[in-house]
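Please open the structure in your viewer and keep the sequence panel beside it. The tour below moves from one selection to the next and says what can be found at each stop.

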Amino acid sequence: MKKQRFFKIFTVFLSLLFCLVLLELFLYFENYSKKYLKYPVKIFDKNFSTNDDIETLKYKNNLNIFIGDSFTQGEVCAGSKKDLVSQLNKLQDNYFYNLGIPNGNPIRYIQLLKNFKPNQLSNVILVLYFNDINLDKSSCYFYQKQKKELTFYPKICDSLLSSNEDSSNDTILKKLDNFLENKLKSWLLLREALINISFFKQFYNRSSWVYSFDDAKLEQNKAILNDILFIKENLKKNNVNFYVTYYPDVNYLEANNKISNVWNNFIQIADKNY
């Protein structure tokens with residue numbers, strides 16, 4: 001009897017494991033991206049990469065550039081020239097360069113733009129993504145480095161930098177998530193399904209970002225808006241056109257999705273206070 005039960009459990013386990021392996025293989029090939037040349041760039045002493053070579057662009061004028069995070073860089077599809085910027089270049093005459101960087105956000109772009117002389121740029125388009133508002137230890141490093149020149153410095157960064165806590169890695173669940181997201185594509189699929197269930201939202205960072213975008217009194221909200229304004233004012237001094245756009249929640253595009261609607265509230269806060 002025990003042997004039969006064990007055999008059934010073992011059979012079920014093997015079946016689930018086999019299905020998981022098949023799903024992982026499918027997702028791997030479905031998300032396969034061609035290797036392509038990326039160019040290294042340093043922001044202070046941290047290493048990043050861009051699709052276009054900043055060192056080469058330093059010798060050009062009338063530049064049109066996109067700045068943004070990994071969604072703008074589009075690593076998965078850039079090898080096939082299907083990233084956002086490459087697709088845009090096919091539709092109009094002005095050529096745009098893709099300076100999206102992994103883990104990017106406005107505080108990093110302030111320093112990134114210093115690679116160019118004021119008269120080199122014509123148009124700068126900043127692409128926001130939902131996690132840009134998150135204040136973690138890595139972002140606070142860049143705030144501290146630029147503290148003297150910023151119009152707003154989030155004081156919460158002092159406590160984050162003085163402690164060993166990282167808000168993106170401070171619970172067992174977040175640590176597990178950070179580990180698995182780089183190992184299993186099937187975990188990413190499962191995670192995106194789970195975080196749209198109300199019970200699981202409370203355990204994932206993304207749920208708290210909704211309130212950060214909605215509350216103008218929060219330091220996270222003030223920080224990102226002041227960073228964008230800082231970029232805008234510096235470009236304006238040199239007659240550079242500056243535009244801001246955003247990626248909505250790309251995994252759950254529905255009209256009643258609060259994560260998508262939060263951008264409307266954020267834009268209203270920006271118009272009212274800045």
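Begin by selecting Gln 220, which is found in helix α13, and keep in mind throughout that the model is a predicted one. Show its surroundings and, once residues up to four places away in sequence are set aside, you will find that Gln 220 touches Ile 133, Leu 135 and Ser 212. Ile 133 is a good second pick, since its C-alpha atom is separated by 5.9 Å from the C-alpha atom of Gln 220, although the two residues are 87 residues apart along the chain.

Now extend the selection to the whole of helix α13, residues 219-236, which contributes seven residues, the largest share, to the largest nonpolar core of the protein. That core has 50 residues, and the ones with the most contacts inside it are Ile 65, Ile 67 and Leu 121. As a general background to this stop, nonpolar side chains tend to be buried together in soluble globular proteins. Apart from this core lies another one, of seven residues, and Phe 66, Val 85, Ile 125 and Val 127 are among them.

Which residues does Ile 67 touch, not counting residues up to four places away in sequence? Centre the view on Ile 67 and you can pick out Thr 72, Leu 99, Tyr 109, Leu 112 and Leu 113, together with the run of Val 124, Ile 125, Leu 126 and Val 127.

Next, colour the strands and look for an open sheet of four, which are arranged in the order β4-β3-β5-β6 with parallel pairing. The edges are taken by β4 (96-98) and β6 (241-246), and because each of these has a single partner strand, one side of each is left without a neighbour in the sheet. From one strand to the next, the twist averages 20 degrees. To look at one pairing in detail, select β5, residues 121-128, which runs parallel to β6 and is joined to β6 by six bridges; here Leu 126 stands opposite Val 244 in β6.

From the sheet, move to Arg 108, which is found in helix α6, residues 106-112. Is Arg 108 buried or exposed? Its relative accessible area is 5%, and a residue counts as buried when this value is under 20%, so Arg 108 is buried. Leaving aside neighbours within four places in sequence, Arg 108 is in contact with Ile 43, Phe 48, Ile 101, Asn 103, Ser 138, Ser 139 and Phe 142. Two of these residues deserve a distance label: the side chain of Arg 108 makes a polar contact with the side chain of Ser 139 at 3.0 Å, and a polar atom of the Arg 108 side chain lies 3.1 Å from the backbone oxygen of Asn 103.

Ser 139 leads on to helix α7, residues 137-145, where Ser 139, Cys 140, Tyr 141, Phe 142 and Tyr 143 are buried. The elements that cover the buried residues of α7 include β1 (39-43), β2 (46-50), α6, α8 (156-162) and α13. For a link back to the previous stop, note that the C-alpha atoms of Tyr 143 and Arg 108 are separated by 8.6 Å.

Finally, zoom out to the whole protein, whose secondary structure comes to 14 helices and six strands. Of its 274 residues, 41% count as buried, and its accessible surface comes to about 16,800 Å², of which 57% belongs to carbon and sulfur atoms.

Notes: Residues numbered from 1 in each chain as written. Predicted model: local features only at pLDDT ≥ 70, side-chain atom pairs only at ≥ 80, totals over all residues. Heavy atoms only, no water. Core = buried A, V, L, I, M, F, W, Y, C linked by side-chain atoms within 4.5 Å. Buried < 20%, exposed > 50% of the residue type's maximum accessible area, 1.4 Å probe, protein only. Helix = DSSP H or I, 4+ residues; strand = E, 2+ residues; numbered from the N terminus. Contact = heavy atoms within 4.5 Å. Polar contact = N/O pair within 3.5 Å; in protein donor to acceptor, adjacent residues only side chain to side chain. Pairing = 2+ DSSP bridges. Axes fitted to C-alpha atoms, helices over the stretch in contact; angles between N-to-C directions. Areas by Shrake-Rupley, 256 points an atom, 1.4 Å probe, with all protein chains shown as cover.
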